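The following exercises are meant to be worked through with the model open beside the text. Please attempt each task before reading its solution.

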Amino acid sequence: MEARILKIDLTNRSYGIEVIPDKIRKQFLGGRGLGAYLLYKEVPAKTDPLSEQNHLIFAAGPANGTGFYFSSKVSVTTKSPLTDIYLFAMSSGSFGHWMKRAGLWAIDIEGIAKKPTYIDIDNEKVEFKDATPLWGKNPAEAQQAMLGGKKGATAAIGAAGEKLINYAAIFSEGQYYRAFGRGGSGCVMGAKKLKGIVVSGDREVEIADKARFDAAKAAVMANIKANPKWAKTQRDHGTGFDIDLMSERAILPTRNWQKGTFEGYAGICTSLTDSVWPRKSIPCGPYCPATCSHYIQIEKGPYKGAHCDGPEYETLYTLGSNLEISNYDAIIAAAQLCDEFGIDSMTAGLTLGFAIECFEKGLIGLKDTDGIPLRFGDAELMMTLLNKMVRQEGFGKKLALGVKKLSEEIKGSEEFAMHVKGLELGGYECRDLNGQALQFAVCARGGCHHAYGLPARVEAYDGTSTKVEGKAEWLAKKVCPGQMMNDCFPSCSFRRLVLTQPIQAEAVSAITGEPWSVEDFGKVAQRLAA
């Protein structure tokens, strides 16, 4: 199986194809693993994230383009302008599918364009096109213009990436705003004067053993049919279905992590709000048989017309319980604002919460906040501050720094600046979750809830949350490998019950024609975590 990389230099407007050696493909598999290898290989230590020398690497994996269930994920890897360290980010959508249809496992972009540019990739042919008319457009509008009605996938940045806000995101799938959300990959794209990418192709993706591949798919569908309650919960409620239970267990971060319970949980728990906010189920990408994504538009009230995809759990936490806001309509409006300007809603919400606590403690005052008193539980304040943030007006310029860099400017605030290595924490209050706390502490990209397997979702329900002895080994050998292989395969994180590791191993074996086992997956994960 030949895996090919498209290498693009924006400075010279040049490109070429390289073949990934089989040894490397087998060591890192694809997706997140391949991206990490290429970043380490191509980007020297101490590289400025916004320089020509930094690379932006989109990486697919063996499952992309094959039609395998839950295979709608793809990764981007770069050096983060938010944290100044390694960054990967995963997104749903069809981008990985079309990369493989173009014959590509990776797209590796370096350099800086002389003017706003977008890249149009058709199979292995690249055109550098003028993006000046698209500069300033939101990601969905830009993608529509770039695609021009043809079949393919797009990714683009918004004004936040153009303005180099260091937690700007990259978005795909047009109006549904699938995001490479964390850590500022959109800022890197903006620094390269790259508005977006179009990728299309007409190649069939090779499957070495079609009968074995079909049997692996059938095993997934059998598991879904055997777990109808799980499937119904996914389709009806999405990822915010158990916010009530999270609060009950005191692991729902609230009031900038001052506590783990939120009295207004009923207003943001999706399993409790369906009758008030009807949702339209929207697959996050091709080949999803148990859709957890939903599209919502507010039909009345002060936020009438506001719309967004989701919002999913992490957005409900950062813009909801974290700010003590239980107004679901306001959260949808805030999520729409984040999407259309192109910023990570998680860093945005946590930066607001941090600033409010700084104001409460007297570390900043009205002279710092443009005369605006900051307080928790104020939905209109949230919208005001987000608008200032994305437009970089007044106090918004400080909010656009993110938690770590803002805390460095506010003396005495470090103890409640909720980040690790510069990346704000994912939504699991971990003072009673030792595995999750350990993950936050050691994760290579910072305060990430995702990278090593979301241990909170295991230990919160199996009675081991406060166990100390053996917790590191448990995280490294039991939890971490599964998530890493999801990201290398790549596949959705929410399908663990039905797309198991043995089925993934069968699928990779069928696609590649090589023997793959769960133990082999573990070796790839250990290599990636090293």
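**Exercise 1.** In which loop does Pro515 lie?

Solution. Pro515 lies in the loop between helix 20 and helix 21 (518-529), where helices (H or I, at least four residues) and strands (E, at least two) are DSSP runs numbered from the N terminus. The model is a predicted one, in which local features need pLDDT of at least 70 and side-chain atom pairs count only at pLDDT 80 or more, while totals for chains, interfaces and linings use all residues. Residues are numbered from 1 along each chain as its sequence is written, and side-chain values use heavy atoms, with hydrogens and water left out.

The next step is accessibility, for which buried means under 20% relative accessible area, exposed over 50% and partly exposed in between (1.4 Å probe, protein chains only). Pro515 has a relative accessibility of 72% and therefore counts as exposed. If neighbours within four places in sequence are set aside, Pro515 is in contact (heavy atoms within 4.5 Å) with Ser509 and Asp520. From Pro515 to Ala505 there are 10 residues in sequence and 8.4 Å in space, C-alpha to C-alpha.

**Exercise 2.** Determine whether Ser509 is buried or exposed, and identify the residues that Ser509 touches.

Solution. Begin with the location: Ser509 is found in helix 20 (residues 501-512). With a relative accessible area of 2%, Ser509 is buried. Not counting residues up to four places away in sequence, Ser509 touches Arg212, Glu514, Pro515 and Trp516. Finally, a polar atom of the Ser509 side chain lies 2.9 Å from the backbone nitrogen of Trp516.

**Exercise 3.** Locate Gly240 and list the residues in contact with Gly240 beyond its neighbours within four places in sequence.

Solution. Gly240 sits in the loop between helix 8 (228-237) and helix 9 (243-248). Its relative accessible area is 0%, so Gly240 is buried. Once neighbours within four places in sequence are left aside, Gly240 is in contact with Cys269, Thr270, Ser271, Tyr313 and Leu316.

**Exercise 4.** In what order do the strands of the open sheet that contains strand 1 and strand 2 run, and which strands stand at the edges?

Solution. This open sheet has 6 strands in the order 2-1-6-3-4-5, with mixed pairing; two strands pair if DSSP finds at least two bridges between them. Strand 2 and strand 5 (86-91) are the edge strands, each pairing on one side only. Neighbouring strands are turned by 20 degrees against each other on average, direction ignored. Helix 2 packs on the sheet and touches strand 1, strand 2, strand 3 (56-59), strand 4, strand 5 and strand 6 (106-110), and its direction makes about 20 degrees with that of strand 4. For such angles, axes are lines fitted to C-alpha atoms, for helices over the stretch in contact, and angles run from 0 to 180 degrees between N-to-C directions.

Two pairings can then be followed in detail. Strand 1 (residues 3-9) and strand 2 (residues 14-20) pair in the antiparallel sense over 7 bridges, and Arg4 has Val19 in strand 2 as its bridge partner. The two form a hairpin with 4 residues between them, and Arg13 in the turn has a positive phi of about 50 degrees. Strand 4 (residues 74-79) and strand 5 are joined in the antiparallel sense by 6 bridges, with Val76 opposite its bridge partner Ala89 in strand 5.

**Exercise 5.** At roughly what angle do the axes of helix 2 and helix 19 cross, and which residues meet there?

Solution. The axes of helix 2 (residues 31-42) and helix 19 (residues 471-488) come within 4 Å and cross at roughly 80 degrees. Angles under 35 degrees count as roughly parallel, over 145 as roughly antiparallel, 65 to 115 as roughly perpendicular and the rest as oblique. Helix 2 and helix 19 are therefore roughly perpendicular to each other. Gly31, Arg32 and Gly33 in helix 2 meet Gln483, Met484, Asp487 and Cys488 in helix 19.

**Exercise 6.** Describe how helix 12 packs against helix 14.

Solution. Helix 12 (residues 328-341) and helix 14 (residues 379-391) pack at an angle of about 5 degrees, with their axes 10 Å apart. That angle makes helix 12 roughly parallel to helix 14. Among the residues making the contact are Leu337 and Phe341 of helix 12 and Met382 and Leu386 of helix 14.

Technical notes:
A polar contact is a pair of N or O atoms within 3.5 Å; within protein, one must be able to donate a hydrogen and the other to accept it, and residues adjacent in sequence count only if both atoms are side-chain atoms.
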